[in-house]
Amino acid sequence: MRVLNKITLLFAMLLVSTLSFAQEPASSSDFMRQSGRIYVVVGVILIILLGLVLYLVRLDRKISKLEKNHNS
Amino acid sequence: MYKSWWKILSVALLVYTVIAGLLGNVPQKPALDETIRNLYFHVCMWFAMMILFTISVIYSIRYLRTLDHKFDVYARQFAVVGILFGVLGYATGALWMSYTWADPNKPFLEKFSGFAREPKLVGAAIALLIYFAYLVLRDSVNDIDKRARISAVYNIFAYAMLFPFIWILPRLMESLHPGGEGGNPALDPRHTDSNMRMVFYPAIIGWTLLGVWITTLKIRVSLLKEKMLTGDLLKKSAE
C-alpha cells in the first residue's frame with residue numbers, strides 16, 4: 001500500500017475506536033454532553049484547527065513555488 | 001522538509017485528538033472534573049516544547065562539529081518554535097489553574113497567593129527566559145560565523161538548564177500539580193487511565209509534528225531569504 005493509504009487507514013481506524021466511548025455518563029459534569037452541546041464545541045475547535053491547517057498548507061505551497069522559481 | 005506524509009499524519013492525529021479528547025470518557029477527579037481533558041492540549045504543549053528544544057540542541061551540536069551554516073539556521077528556528085509552544089503551555093496552564101487551583105472564596109486579586117509556592121511555574125518561567133536570552137544573544141552579534149558559534153554554545157547550556165528547573169527541582173518540592181508531593185510533578189500516572197492514554201500519546205505526536213512543520217516552513221523561508229539576498233548582491237556587483 002502507498003504510504004498515504006496507510007495513513008488514511010490508520011486515521012479511519014482511530015476514528016472508529018471513538019465509537020467505544022459511547023458509555024453512560026460518568027457524573028453531573030456531563031451537562032455539555034447530555035444536552036448535546038459538546039458537539040458544538042468539537043465543531044468550533046475543528047473549524048479553527050482546520051482553518052489554521054489550511055493556512056499552513058497555503059504557506060507551504062507558496063514557499064515551494066518560490067524555491068522552485070529561485071532554483072531553476 | 002518537503003515530504004507531506006508526516007504533515008498529513010499530524011493533521012489526522014490532531015483532528016483525532018480534538019474529537020476523541022472532547023468526546024471520550026475521562027476519570028472524574030476532584031476539582032478537575034472534565035478539565036483533565038486539558039492533558040491533551042496543555043501538557044502536550046510542554047512535551048512538544050521539550051522535543052523541539054532537544055532537536056534544536058542536536059543541530060547546535062552538529063553545527064559546532066561541522067561549521068555548516070544551515071545547522072545554525074535549523075537550531076535557531078527549532079528554538080523559536082519551541083519557545084512558542086512553551087509560552088502557549090504557560091498561558092494554557094495559567095487559564096487552567098485559575099479554574100482549578102485558585103481559591104474561589106477569595107476575591108479575584110487574592111486568588112493566586114499560592115503562585116509563588118508552585119515551583120514548576122517559577123521553574124518553567126526561568127527556563128523560557130533563558131531561551132529568550134538565546135534570541136537576544138543572537139541578535140546582538142553581527143558577524144554570522146561568530147553569532148552561530150556563540151549561540152550554539154549558549155543553546156547547549158540553555159538546554160541543560162531545562163532539567164534542573166523543570167524536572168529536578170519541582171520533584172523535590174511540594175507542588176500544586178496533581179501528584180506533586182514526592183511523586184511525578186506533572187501528572188500522577190494513577191490519575192490517568194488507559195482511555196486517556198489512547199488519546200494522549202497520539203496527541204503528543206500530532207502536536208510535535210505540527211511544531212516541526214511550522215519550523216520547517218520557517219527554515220525554508222530563512223534559507224530562501226539568505227539565498228535571494230546573496231544572489232541579488234552578486235548580481236549587483238556584477239553590473
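These are my notebook entries on the two chains of a predicted model.

**Conventions**

I number residues from 1 along each chain as its sequence is written, and chains are lettered from A, with ligands numbered from 1, in the order in which they are written. The model is predicted, so I kept to its rules: local features need pLDDT of at least 70, side-chain atom pairs count only at pLDDT 80 or more, totals for chains, interfaces and linings use all residues, and side-chain values use heavy atoms, with hydrogens and water left out.

**Chain by chain**

I looked up the secondary structure of chain A and found three helices and zero strands, where helices (H or I, at least four residues) and strands (E, at least two) are DSSP runs numbered from the N terminus. Chain B comes to six helices and zero strands, and I noted its order from the N terminus as α-α-α-α-α-α.

I then looked at burial, with buried meaning under 20% relative accessible area, exposed over 50%, and partly exposed in between (1.4 Å probe, protein chains only). In chain A, 21% of the 72 residues are buried, whereas in chain B 48% of the 239 residues count as buried.

For the accessible surface I used the Shrake-Rupley method with a 1.4 Å probe, in which only the protein chains shown count as cover for residues. Chain A exposes about 5,500 Å², of which carbon and sulfur atoms supply 68%; chain B exposes about 12,100 Å², and there carbon and sulfur atoms supply 68%.

Among the contacts in chain B with a separation of 6 or more, I found that 75% are between residues 24 or more positions apart, a contact being heavy atoms within 4.5 Å.

**Salt bridges**

I counted five salt bridges over all chains, taking a salt bridge as a side-chain nitrogen of Lys or Arg within 4 Å of a carboxyl oxygen of Asp or Glu.

Which residue of chain A forms a salt bridge with R220(B)? The partner is E67(A), and the closest N and O atoms are 3.2 Å apart. This pair joins two chains, because R220(B) lies in helix 6 of chain B and E67(A) in helix 3 of chain A. I checked both ends for burial: R220(B) counts as buried at 2% relative accessibility, and E67(A) counts as buried at 11%. Following the charges outward, I found D60(A), E67(A), K7(B) and R220(B) linked in a network of salt bridges.

Within chain B, I looked up D72(B), which forms a salt bridge with R138(B) at 2.8 Å between the closest N and O atoms. Since D72(B) lies in helix 3 and R138(B) in helix 4 (residues 119-140) of chain B, the pair ties together parts that are 66 residues apart in sequence. Here too I noted burial at both ends, with D72(B) at a relative accessible area of 3% and R138(B) at 5%.

I also recorded the salt bridge in which the side chains of K70(B) and D68(B) meet, at 3.4 Å from N to O. K70(B) is partly exposed at 33%, and D68(B) counts as partly exposed at 30%.

**The loop before helix 3 of chain B**

I looked up the backbone of L67(B), which sits in the loop between helix 2 (42-66) and helix 3 (69-100) of chain B. Its phi is near 55°, a positive value in a residue other than glycine.

**Surface patches**

For patches I took residues with over 30% relative accessible area and no salt bridge, joining like charges within 9 Å and nonpolar side chains (Val, Leu, Ile, Met, Phe, Trp, Tyr) within 5 Å. Lys and Arg count as positive and Asp and Glu as negative, with His and the chain ends not counted, and I placed each charge at NZ of Lys, CZ of Arg, CG of Asp or CD of Glu.

On chain A, I found a positive surface patch formed by R58(A), K62(A), K65(A) and K68(A). Of these I followed K65(A), which has its place in helix 3 (residues 38-71) of chain A and is exposed, with a relative accessible area of 52%.

On chain B, a nonpolar surface patch of about 550 Å² is made by F163(B), W167(B), I168(B), L169(B), L172(B) and M173(B). L172(B) lies in helix 5 (residues 144-172) of chain B and counts as exposed at 65% relative accessibility.

**One more exposed leucine**

Is L234(B) buried or exposed? I found L234(B) in helix 6 (residues 194-238) of chain B, and at 60% relative accessibility L234(B) counts as exposed. From L234(B) to L210(B) I noted 36 Å in space, C-alpha to C-alpha, for a separation of 24 residues in sequence.
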